[in-house]
Protein chains: 4
Amino acid sequence: MKISLPLILVNFKAYDNALGKKAETLAKTCEKASAEFGCSIAVAVQPGDIYRVSKAVSIPVFSEHIDAVEAGAHTGYVLAKNVKENGAVGTLLNHSEHRIKIDDLEDSVDIARKEGLLTVVCASNDEIAQAAASFDPDFIAIEPPELIGTNISVSSARPELVTSSIQRVNSVSQIPILCGAGIRTGDDVKKAVELGVKGILVASAVTLSKDPYSVLESFCKAIKSQHQ
Amino acid sequence: MKISLPLILVNFKAYDNALGKKAETLAKTCEKASAEFGCSIAVAVQPGDIYRVSKAVSIPVFSEHIDAVEAGAHTGYVLAKNVKENGAVGTLLNHSEHRIKIDDLEDSVDIARKEGLLTVVCASNDEIAQAAASFDPDFIAIEPPELIGTNISVSSARPELVTSSIQRVNSVSQIPILCGAGIRTGDDVKKAVELGVKGILVASAVTLSKDPYSVLESFCKAIKSQHQ
Amino acid sequence: MKISLPLILVNFKAYDNALGKKAETLAKTCEKASAEFGCSIAVAVQPGDIYRVSKAVSIPVFSEHIDAVEAGAHTGYVLAKNVKENGAVGTLLNHSEHRIKIDDLEDSVDIARKEGLLTVVCASNDEIAQAAASFDPDFIAIEPPELIGTNISVSSARPELVTSSIQRVNSVSQIPILCGAGIRTGDDVKKAVELGVKGILVASAVTLSKDPYSVLESFCKAIKSQHQ
Amino acid sequence: MKISLPLILVNFKAYDNALGKKAETLAKTCEKASAEFGCSIAVAVQPGDIYRVSKAVSIPVFSEHIDAVEAGAHTGYVLAKNVKENGAVGTLLNHSEHRIKIDDLEDSVDIARKEGLLTVVCASNDEIAQAAASFDPDFIAIEPPELIGTNISVSSARPELVTSSIQRVNSVSQIPILCGAGIRTGDDVKKAVELGVKGILVASAVTLSKDPYSVLESFCKAIKSQHQ
């Protein structure tokens, strides 16, 4: 699948208001904002919600994780092949809340590629971003763990980390960079795009908002203002 | 939910022919056998298949695993609450292909109970079965890992392990015991029930069979022959 | 080895002032207090310090952990056999800072027994204490993780947890119980012993003290006052 | 510490004849071969053996692993600082028998550098070797896991993997490459050096040999023949 850039990727995590039926509702809000404001929005959901959310919306759906296993005698792991069949177009990998072994990261990217799933590898800093680039994932998302869930956006507080990550990743391969952690406002998004990222990875600012539609509106408008 | 005993619990694992659309088909075969032969059959499926399989059949659906986390900022874990909302009535825990920390096992059983999910804790031997009993799960399944996937059934090859497990678990609490590993034939099932188990946990004998319906027929008839 | 009870087991963790040469010095202080006040004191040290501390003192030395592997092609794990040869008489297992899989816990207790090492299994609550009893370790230490490193002692704040743990463990086997977490004063120790424990597991109150000898003196005197 | 290249790094693993007193003996054999044949030999030993082996020999001693933690309230982990104080000059990291998370790998290399420990990061293939190079360790060791412990040497069977690893690592940084897995004979070593590696990582060929001295002699002579 081809994802339009810049991308707003909304991570539903395991937030109460982004599970099951509510995951469908929130995904529909994302879909509506995407259509209304003409920007590219995707959602990453619980493994168990991929099927129902994929049926409910036409925007791209990601898994929040896949395990480094293939079909066979494995009990209770999240399979790339199954995630794909249930409607996902891609998956997050190595999120700061779900770090994985370096060998499993390489295997997971390979397995995902083989199954036709896009990969978004999360990296807490520029060195790990560069390392991840060796595996040639489709996206790398810079998220300093200490800013996740805060009101301090990576693009405002640590712009040099974003630019250094872009530079180090590009020294290996031309992989689009997303950034995340602390993204709250359109201004945070604008700064991120100015720094050269191809999108943002966002969670609580959208999922915990009383009005996610308006938050997405401000993000989309910030992106539009940079791309005219 | 109340599960009728004795129970045949079919673990779909990540077998190619038990994923996605094929998971629905196999679950329907299990449902048909359950209705036809009047025995209690449940299925344990990939997290991503719980929703669609639960919609497709009316027999009990289990998750193959849940993680020891509750709703909140957790990315890519399998949530008891979500598994429940998507239609599962229970979950496997600590399968030999997915061992977990003792503290997470206790937490997972507690979280599952709180969310109204049944728990089937897998134990590779009688000591671990007894330990698991301290957490008061709904079922304990004895599965010596060295027999899983073989043609040597635990009930035939290691009957003393089954009886010792029943005895040790019962010294803690009255928890129904299932057994698994190497169960292939009606005779294996018959022996297991004779030893005092309340059901079997089976995977490849059903999922990899060319004719799972006939396999389930033989299992159901073996159970019936013991309960008349 | 036979350990005299009640036991004061001092966990050196990875505290700066309890590493290498300083581990020897602190162990000597423990040895001196043991001799002077006639109470049983043992130390648990970094894997790398077992040899030198064992050479430096004659009180019992424990490892802080062993891995569930035996001699062979394993790189970088802490081997029971090696810990024993280097002078340890026992090991902690499943400390709240080092939780392990339930199957590895059983294996580790078995391997330690085979190699002649005593085992002290840490449990965060009474259910896990009871579960651990199924594996028949030499000691079980109750340490509610939320009190570790605080000034609130388990014996004062949660006496019912201690008595419930003793009761549940004894329903399985007669295994001596230690308790830990928040133990700071002789009074905390006195209360613990009154509740029926056979010793305490202590870390920061001793290792971070400016005067560990005096702390141990107060602990020893509290124990003596209970055992006359 | 400065290590002379090419290096023969002998991994003692947890082999019975390379533990405790026997680790000292084997390390002395390595030391003798190093002196006699004028080649650079180092040993990697169990955490518990670092102190005694460092006292027994003057060749460089490595730890087989360190954990990604620093001094403080951590129980049972292998600390860089402690490994250093006990005499090690470096450590293996991410051995195929001890894979670690990508974030822990980065942290471990950083912590080791801070403590003055050399790092040898093991990589199962060229992509992981390149990724590891982003963290700027002192050495990268290529070891295809499927050849470890076999009689098929990586230098003979997969020379293109060695050259590709050297090339990919050098595209990031000038880090000396070792290779390992299946190295048995002087000829294997000769081929490895011809391919451009700066040394070998070897285990069973030396540790399980009846005559490790002769094995090391053949390795040293093969290296010498390449460096005259």
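Visitor: What makes chain A and chain D copies related as by a two-fold rotation axis?

Guide: In this predicted model, chain A can be laid on chain D with an RMSD of 0.0 Å by a turn of 180 degrees and a shift of 0.0 Å along the axis, where copies are superposed by least squares on the C-alpha atoms of residues with pLDDT of at least 70 in both. The two copies are therefore related as by a two-fold rotation axis. Residues are numbered from 1 along each chain as its sequence is written, while chains are lettered from A and ligands numbered from 1 in the order in which they are written. Because the model is predicted, local features need pLDDT of at least 70 and side-chain atom pairs count only at pLDDT 80 or more, whereas totals for chains, interfaces and linings use all residues.

Visitor: How do you know that the copies meet through the same surface?

Guide: 100% of the interface residues of chain A are also interface residues in chain D, so the surface is the same. Two residues are in contact if their C-beta atoms, placed from the backbone, lie within 7 Å, and by that rule the contact takes 15 residues from chain A and 15 residues from chain D. On the side of chain A, α4 (102-115) and α5 (126-133) each supply at least two residues; helices here are DSSP runs of H or I, at least four residues long, numbered from the N terminus.

Visitor: Which residues of chain A and chain B are in contact, by number and by element?

Guide: 36 residues of chain A are in contact with 36 residues of chain B. The elements of chain A that give two or more residues to this side are α2 (50-56) and α3 (80-85), and α3(A) has the largest share, four residues.

Visitor: How do you know that no contact joins chain A and chain C?

Guide: Their closest C-alpha atoms lie 16 Å apart and no contact joins them; likewise no contact joins chain B and chain D, whose closest C-alpha atoms lie 16 Å apart.

Visitor: Why is the crossing of α8(A) and α10(A) called right-handed?

Guide: A crossing is right-handed if the near helix is turned clockwise from the far one by less than a right angle, and left-handed if anticlockwise, and α8(A) passes α10(A) in the right-handed sense. The axes of α8 (residues 186-195) and α10 (residues 212-226) of chain A, which are lines fitted to C-alpha atoms over the stretch in contact, with angles from 0 to 180 degrees between N-to-C directions, come within 8 Å and cross at roughly 35 degrees. Among the residues that make the contact are V189(A) and V193(A) of α8(A) and F219(A) and I223(A) of α10(A).
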